[in-house]
Amino acid sequence: MELAYIPSPSSGVLYLGPVPLRGYAFCIIIGVFVAVWLGNKRWIARGGRAGTVADIAVWAVPFGLIGGRLYHVITDYQLYFSEGRDWVDAFKIWEGGLGIWGAIALGALGAWIGCRRRGIPLPAYADAIAPGIAFAQAIGRWGNWFNQELYGRPTDVPWAVEITSSADGRDPGTYHPTFLYESLWCVGVALLVIWADRRFKLGHGRAFALYVAGYCVGRFWIEYMRVDEAHHILGLRLNNWTALLVFLLAVLYIVLSARKRPGREDVVEPGVSGGEGASGSEADSDEGEAVEKDEEGAPSEKEESSEAETSKDGAGSAKKS
């Protein structure tokens, strides 16, 4: 008999009258807000304007959601297109099913479009938003708790999650809460990126690559614990191979980028001085305008001296006459 465990909610949906409020969707939305908020603070600290991160997120977030859903549906097509399944369910994103690999890939495409429209280098934007993405993932994983999904092997540890639903082949019992493991791991990755960025002044996309590499390490062992249906290649789940490949690419990028472009970008946004943010630049501009007005409105020292000498000469002439 288990003395302690994490209980699952009886339902992942609350109804406000006829309006359904879904826990999974709330977790995704809150995660997006946290990512944009933190990304905005980091972008301003790097010398960008306030609001730029949110403007680009308007492109990145929809692309990311579509990419995440596409990856999930393609890699788990049997859940939607096999016999007895309804293909319409592939569009029910609120019921869960977002692949982070597709979300990052297509989200990066959306961010690239937004950055290109603003004349902003994508690597600099990616560095600013990287820890926020990790925090967003940490929050978003709790949506799986609301849906009673993505748990690991059976266990009786005190922090096991209780699964009460028997839908879609689930067996009620207590299991490793892999959603919780990944959530905590993502928090650790976010803190690692923030620390490393301050310590080593990461630039040109290396902070983002560090986030990717760190996440892949955790995803590999967490994925290995999961028991939900998945495709296997040479005894490993598909996402294990994906995590391994993406990890190697991220590390390779860090090494090559550090050699080719050491240091950090001096300017991340056109028209804004590096390292001061929009408020600092605007203040400097206002101060400069004020100085120019003072210089235009007040006589120079040479003019004052000339006027004084003329006055003296005039006074001397009056005395002689």
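Buried means under 20% relative accessible area, exposed means over 50%, and partly exposed lies in between. I wrote this down before looking up any residue in the model, which is a predicted one.

**Entry: W221**

I looked up W221 and found its place in helix α8. Is W221 buried, exposed or partly exposed? Its relative accessible area is 37%. W221 is therefore partly exposed, because 37% falls between the cut-offs of 20% and 50%.

**Entry: the patch around W221**

I then checked which surface patch W221 belongs to. W221 helps to make a nonpolar surface patch of about 830 Å². The other residues in this patch are W185, V217, F220, I233, L234, W241, L244 and L248. I also noted which elements give two or more residues to the nonpolar patch: they are α8 (206–225) and α9 (238–260).

**Entry: T178**

Next I turned to T178, which I found in helix α7, residues 178–200. T178 has a relative accessible area of 2%. That value is under 20%, so T178 counts as buried. What is T178 in contact with, leaving aside its neighbours within four places in sequence? I listed L150, Y151, G152, I222, M225 and R226.

**Entry: the whole chain**

Last, I looked up values for the chain. Its secondary structure comes to 11 helices and six strands. The chain has 321 residues, and 41% of them count as buried. About 18,300 Å² of the chain is exposed, with 63% of that area supplied by carbon and sulfur atoms. For contacts with a separation of 6 or more, I noted that 72% are between residues 24 or more positions apart.

Terms used:
Residues numbered from 1 in each chain as written. Predicted model: local features only at pLDDT ≥ 70, side-chain atom pairs only at ≥ 80, totals over all residues. Heavy atoms only, no water. Patch = residues over 30% accessible without salt bridge, like charges linked within 9 Å, V, L, I, M, F, W, Y side chains within 5 Å. Areas by Shrake-Rupley, 256 points an atom, 1.4 Å probe, with all protein chains shown as cover. Salt bridge = Lys/Arg side-chain N within 4 Å of Asp/Glu carboxyl O. Helix = DSSP H or I, 4+ residues; strand = E, 2+ residues; numbered from the N terminus. Buried < 20%, exposed > 50% of the residue type's maximum accessible area, 1.4 Å probe, protein only. Contact = heavy atoms within 4.5 Å.
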